[in-house]
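Please look over the sequence and the model below before reading the report.

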Amino acid sequence: MHTARRLATKPFVVMPLIAVLVLSGWWLVLRPDDAAETTNAAGAAQVVEASLGSLTETVSAEGTLAYAQSEDLSFSASGTVTEVLVEAGQAVTEGDVLATLDSPELAADVASAETAVAEADARLADDVAAGASDAQLAADETNLVTTQDRLADAQTALEGAQLLAPFDGTVSTVDLVVGEELGSGGTSGTSLSGTGAGSGLSSSTLGAGNTAVPGATTGTADSTAQIQVVTSDRFVVEIGFDDTDIEHVTEGQEATISLSTSTSSAAFGFPGGGGGFPGRGGLAGGAVDTDADDATPLNGDVAPAAGAVAAVSGVADASSGVASFPVTVEFVDDSGDYHAGASVVVELSYGDPTRVVQVPSFAVSTADDGSATVTVRTANGDETREVVTGDSSGNMITIVSGLEVGEQVVLPVGGGEGRGGVGGVPGGLPGVVQEGS
């Protein structure tokens with residue numbers, strides 16, 4: 001036993017034992033399976049298909065819709081409303097009679113003009129009989145013609161004591177009822193019971209051109225219209241761009257219009273009239289719901305509308321402290337989803353719309369001599385292929401030659417800008433696949 005204990009403490013016995021223990025621990029820590037897993041995790045390959053894209057860029061701005069034409073109509077004379085032939089929401093054609101007025105004022109104008117004509121005619125006859133001078137007779141004849149012209153105007157006004165549709169459109173508001181007495185200037189001369197006057201939108205008149213009718217006047221958005229007519233399917237929106245973006249905007253350029261998420265659908269529609277007078281009503285609209293709990297994101301439910309740039313101002317508006325160039329966009333939409341007062345986002349695209357082959361920019365390796373290559377995954381394995389590149393757009397670069405649509409390009413591990421993608425691939429790239437995950 002004493003001899004065995006001595007042998008166990010000899011160096012040539014102890015050292016091999018220590019070596020065995022170290023090797024065993026190293027094997028336990030770095031087993032072949034774990035080492036392979038580490039390599040796979042660090043070297044996971046990512047591939048993306050070469051896709052078709054375009055080199056277009058987009059600028060956008062938000063604005064408020066207005067009807068392309070909007071006109072407020074009111075009787076200018078006093079009298080009794082004898083007919084109201086339309087209601088809010090009704091489509092009308094240019095020249096349609098909307099309402100008529102029985103006006104003693106206009107009838108009195110006709111009677112006065114008739115008397116003036118009779119007096120002028122009698123004077124001319126008396127002067128002729130009396131042998132008056134040629135100058136006097138010429139003056140009498142001129143006076144007679146003048147009074148006859150006034151009579152014709154008065155008769156036309158009396159016959160036209162009506163409101164006419166100034167263009168093809170839709171009746172937005174009606175603030176008249178049969179039997180209503182209008183005072184001077186077309187204001188109501190009768191106290192009427194009820195609530196709600198049915199006032200409608202205060203839309204800007206853009207390119208409308210007021211159309212006067214006998215016995216009637218056209219008002220502005222600040223006055224109370226007895227009848228308002230709008231183009232319910234034709235709209236304009238004015239937006240602004242800074243001096244950098246305005247360079248990419250031209251008249252006639254195509255535009256895409258989408259409802260803003262802050263626009264409330266509950267604010268729209270033609271109420272069926274109501275308030276004080278039967279048949280009175282207005283086209284409600286223009287409200288923007290600022291309560292986040294009530295806001296309805298319509299842009300995901302309503303299809304965008306297609307329009308065009310109608311006008312580009314070369315003079316900047318600096319009222320807000322920042323130079324902004326006004327741009328007017330117009331479009332037609334009969335879906336009923338768009339109304340004056342709605343907030344919309346207008347997008348304008350510019351650049352080359354030609355469809356070209358594109359891959360992520362960081363998938364391309366460029367040598368010192370300027371040659372470019374990509375790694376392509378094929379049935380026989382990965383191969384390095386030389387390509388000719390073109391312009392870049394965002395994260396993507398155009399491949400002029402050397403690569404076909406649908407071929408899979410291997411992305412460098414950890415490359416790119418690291419914005420939310422796998423292993424540093426920018427988020428949002430189409431067709432990115434991580435192999436070995």
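The report goes from the chain as a whole to its cores and then to a single residue.

This is a predicted model, in which local features need pLDDT of at least 70 and side-chain atom pairs count only at pLDDT 80 or more, while totals for chains, interfaces and linings use all residues. Residues are numbered from 1 along each chain as its sequence is written, and side-chain values use heavy atoms, with hydrogens and water left out.

| Property of the chain | Value |
|---|---|
| Buried residues (under 20% relative accessible area, 1.4 Å probe, protein chains only) | 35% of 437 residues |
| Contacts (heavy atoms within 4.5 Å) with a separation of 6 or more that join residues 24 or more positions apart | 78% |
| Accessible surface (Shrake-Rupley method, 1.4 Å probe) | about 23500 Å² |
| Part of that surface on carbon and sulfur atoms | 52% |

The largest nonpolar core (buried Ala, Val, Leu, Ile, Met, Phe, Trp, Tyr and Cys residues joined through side-chain atoms within 4.5 Å) has 27 residues, of which F241, I257, V329, Y338 and V346 touch the most other members. Among the elements that give two or more residues to this core are β2 (51-67), β12 (234-241) and β17 (343-360), the strands being DSSP runs (E, at least two residues) numbered from the N terminus. Beyond its neighbours within four places in sequence, F241 is in contact with residues including V59, I246, V249, F325 and L348. Another core, of 21 residues, lies apart and includes A77, V86, L106 and V171.

V400, by contrast, is in strand β21 (residues 396-401) and counts as exposed because its relative accessibility is 56%, the cut-off for exposed being over 50%. Leaving out residues up to four places away in sequence, V400 touches V388, T389 and G390.

Note on methods: Helices (H or I, at least four residues) and strands (E, at least two) are DSSP runs, numbered from the N terminus.
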